[in-house]
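Hi there,

Here is the structure I promised to pass on to you. Please open it alongside this note, and then read on for what turned up.

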Amino acid sequence: MSGFNGPLDPSPSHPHLDVRSRSFYGRHNDLPCEFWPSCHHGEEAVVQVYELYGDAGRRFFRCPRFQYDDCRFTYWIDGPLEPHLQEYIRHLHVTVQKLEHENMEKHNSINMLLQDSMKKDEELNNLAQEKMQMAAHINELEEQLRQEQARNVNRRFMPPTVSGRRNYYG
């Protein structure tokens, strides 16, 4: 271990960070387990990796109850990063933020296109219904026209009536 550099102030409040216990490091030999501190509650500390700008990637001990009853016990395991590494990490964070922003803009753009597409689909459905109604109305009119033409044909071939009386045809 590179030693303790004093308490971390303020304590990082990232409950989603990966938390490692002494048993994990005992199995993986990544961190010597000869000295493992206890928090102010008297419990073995856990290890987390800091994710904010300048100290991103540094491991630190912290109270295992940090999510609900933090005694604010926090000590660095790894020494501070060199300035050029801190600057590069800042650059990576800014790049990630830009990409997330672009991703959100594209997501919003896609949502707007989907909404427009849904509106167009609804308009097309309405037009298709109107078309079906118009086709039905045209069929009705054609049927009425056929019936009217049939009546007219029958009238054309009817013999004329003479003086109010019908002739020998009827």
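Below is a short tour of the core, the aromatic side chains and the salt bridges. Please keep in mind that this is a predicted model.

Let's start inside. The largest nonpolar core has nine residues: Trp-36, Cys-39, Ala-45, Val-47, Phe-61, Cys-63, Cys-71, Phe-73 and Ile-77. As background, nonpolar side chains tend to be buried together in soluble globular proteins. If you want one core member to click on, try Cys-63. Leaving aside residues up to four places away in sequence, Cys-63 touches Cys-39, His-41, Val-46, Asp-69, Asp-70, Cys-71 and Phe-73. Among these neighbours, Cys-39, Cys-71 and Phe-73 also belong to the core.

Next, the aromatic rings. There are four aromatic pairs in the structure. One of them joins Tyr-50 and Phe-60 edge-to-face, with 6.1 Å between the centres and 75 degrees between the planes. Because Tyr-50 lies in the loop between β2 and β3 while Phe-60 is in strand β3, this pair ties together parts ten residues apart in sequence. Both rings belong to buried residues: Tyr-50 has a relative accessible area of 12%, and Phe-60 comes in at 0%. Together with Trp-76, Tyr-50 and Phe-60 form one aromatic cluster. Trp-76 has a charged partner too, as the charged end of Arg-58 sits over its ring, 3.7 Å from the centre.

Now for the charged pairs. The whole structure contains four salt bridges. In one of them, the side chains of Arg-65 and Glu-43 meet at 2.5 Å, N to O. That pair links distant parts of the chain, 22 residues apart: Arg-65 is in the loop between β3 (59-62) and β4 (74-76), and Glu-43 is in the loop between α1 (22-28) and β2 (46-49). Arg-65 is partly exposed at 22% relative accessibility, and Glu-43 is partly exposed at 28%.

Two further salt bridges sit within helix α2. Arg-146 pairs with Glu-143, with the closest N and O atoms 3.1 Å apart. These two residues are three apart in the helix (residues 83-156), so about one helical turn separates them. Arg-146 is partly exposed at 47%, as is Glu-143 at 35%. Glu-148 and Arg-151 also meet in a salt bridge, at 3.1 Å, N to O. Glu-148 and Arg-151 are likewise three residues apart in α2, so about one helical turn lies between them. Glu-148 is partly exposed at 34%, and Arg-151 is partly exposed at 41%.

Happy browsing, and best wishes!

Technical notes: Residues numbered from 1 in each chain as written. Predicted model: local features only at pLDDT ≥ 70, side-chain atom pairs only at ≥ 80, totals over all residues. Heavy atoms only, no water. Core = buried A, V, L, I, M, F, W, Y, C linked by side-chain atoms within 4.5 Å. Buried < 20%, exposed > 50% of the residue type's maximum accessible area, 1.4 Å probe, protein only. Contact = heavy atoms within 4.5 Å. Helix = DSSP H or I, 4+ residues; strand = E, 2+ residues; numbered from the N terminus. Phe/Tyr/Trp six-rings, centres within 6.5 Å; stacked < 30°, edge-to-face > 60°. Lys NZ or Arg CZ within 6 Å of the ring centre and 35° of its normal.
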